[in-house]
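Visitor: Hi! I've never looked at this one before. Can you walk me through it?
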Amino acid sequence: MDLWERARSFAGEAAKRSQELSLEAAKRSSVLVSETAKKSKEIFSETAIKSREMAAEATKQADLLAGQIMHLASDIPVPSIPPIPAISPLPSAAESEPDAAELERYGITDDLREFVNGMTISTFRDFPLQDEPEMSDVPTVSNVRQDLNEWQARHATLVLSAVKEISKFRYELCPRYMKERKFWRVYFLLVNNYVTPYETKYFEELKVKAEEEKMVVPSKTSTSSNREQDLDVFLLGDLGSDDEGPDAGDDDELDDDFDKIDGASGLESDGDEDKKAENAKELL
C-alpha cells in the first residue's frame, strides 16, 4: 500500500514537474521569439537605413558624373550630320508586269488562259513525244531555252509570269520528269491552235518592216548622188552649156586666122627661092 502511494506521489510530482518545465520552456520560447523579432526589426531597420544612404550616395555620384560628362560634351564640337536621302520605293509587282498590248501581241489571251486551266501535270508527263538529245551548247536566259525562235522565247517568258499554272507545271516537271526542251516542245504543240496566228502575224510585220527599210536605203543613196553632182557642177561649171563654151562663129574665125597665117608663110617661102635662083645665075 505504501508503495502504491509512493508511486502516485511520484507520478504527481513528475507531472507537476513536467508542467513546470513546459511552462518554463514556453516562456523562454516566447522571450526568444520576442527578442528575435526585436533583433530582426532592428536589423531590417538598420538595413533599410543603410540602403537609403547608399541609394542617396549613388544618386549623388551619378548626378556628379552626369554633370562632368555634360561639361566635357559642351567643349567637343558636334559634327553636322548630313540629311539621309529619301529611299525611293521599290517598284510594285504591277509596274513590272507587261502591259495588255504586249500580252496580246505574243498570244497570251483569255482563250489561252482558259485552255491552260484545263491542263494537268499528266497532260505534259503523258504526252506522246520522244525525248531528243540535249544540246548542251544552247544557252538559257530568263529560265527559257534559246533554241526557241524569237517570238516563242518571248511568249515563254511572258507566260511563265502571267499564267501561274504553266510556271507551276514547269517547276514540278523540270528536270525531274522531263528536260526543259521537251517541256516547251510539248507546250507549243498543245497550244498551237491558240498561238500560231499571233506568231505568223509577228513575223509578217517583221518582213514588211525589213522591206520598207530596204526601200529607204536606195532613196538615200540617190539623194546623196544628186548632191555630189550638184557640187561638181558648182565647182567645175557645166561644160556642155552654150553660154560658157565657144560658139560656131568663133570656130570659123579661128580657122580663117590659121589660113591667113599659113598663106603668108607660103608666099614668103616662094620669094626666097626666086632670089636664090637669080643670085645663082649672076654667079655663073
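Visitor: Let's jump right in at E102. Is that residue buried, exposed or partly exposed?
Guide: E102 is partly exposed, with a relative accessible area of 23%. Keep in mind that this is a predicted model.

Visitor: OK, and what does the side chain of E102 meet in a salt bridge?
Guide: That's R154, and the N to O distance is 2.6 Å. R154 lies in helix α6 (residues 150-162) and E102 in helix α3 (residues 100-105), so the pair ties together parts that are 52 residues apart in sequence.

Visitor: And how accessible is R154?
Guide: R154 counts as partly exposed too, at 30% relative accessibility.

Visitor: How many salt bridges does a search of the whole structure find?
Guide: It finds 4. One of them is between E180 and R170, at 3.0 Å from N to O. Here E180 sits in helix α8 (residues 180-190) and R170 in helix α7 (residues 164-173), so this pair links parts 10 residues apart in sequence.

Visitor: Are E180 and R170 buried or exposed?
Guide: Both E180 and R170 are buried.

Visitor: Got another salt bridge for me?
Guide: Sure, E20 forms one with R17, and their closest N and O atoms are 3.5 Å apart. Both residues lie in helix α1 (residues 2-75), 3 residues apart, which is about one turn of the helix. E20 is partly exposed, with a relative accessible area of 37%.

Visitor: Let's zoom out. How many helices and strands are there in the protein chain?
Guide: There are 10 helices and 2 strands. Going from the N terminus, the order is α-α-α-α-α-β-β-α-α-α-α-α.

Visitor: What share of the chain's residues is buried?
Guide: Of the 284 residues, 14% count as buried. The accessible surface of the chain comes to about 23,400 Å², and 57% of that belongs to carbon and sulfur atoms.

Visitor: What about contacts, how much comes from residues 24 or more positions apart?
Guide: If you take the contacts with a separation of 6 or more, residues 24 or more positions apart account for 77% of them.

Visitor: New topic: what is the average pLDDT of the chain?
Guide: The average is 76, and 63% of the residues score at least 70.

Visitor: Where does pLDDT stay under 50?
Guide: Residues 91-95 are one such stretch, and the model has 0 contacts for them beyond four places in sequence. Residues 264-269 also stay under 50, again with 0 contacts beyond four places in sequence.

Visitor: How should I read low-pLDDT parts?
Guide: Where pLDDT is low, don't read the predicted coordinates in detail.

Definitions and conventions. Residues are numbered from 1 along each chain as its sequence is written. This is a predicted model: local features need pLDDT of at least 70, side-chain atom pairs count only at pLDDT 80 or more; totals for chains, interfaces and linings use all residues. Side-chain values use heavy atoms; hydrogens and water are left out. Helices (H or I, at least four residues) and strands (E, at least two) are DSSP runs, numbered from the N terminus. Buried means under 20% relative accessible area, exposed over 50%, partly exposed in between (1.4 Å probe, protein chains only). Contact means heavy atoms within 4.5 Å. Accessible areas come from the Shrake-Rupley method with a 1.4 Å probe; for residues, only the protein chains shown count as cover. pLDDT is the predictor's confidence in each residue, from 0 to 100.
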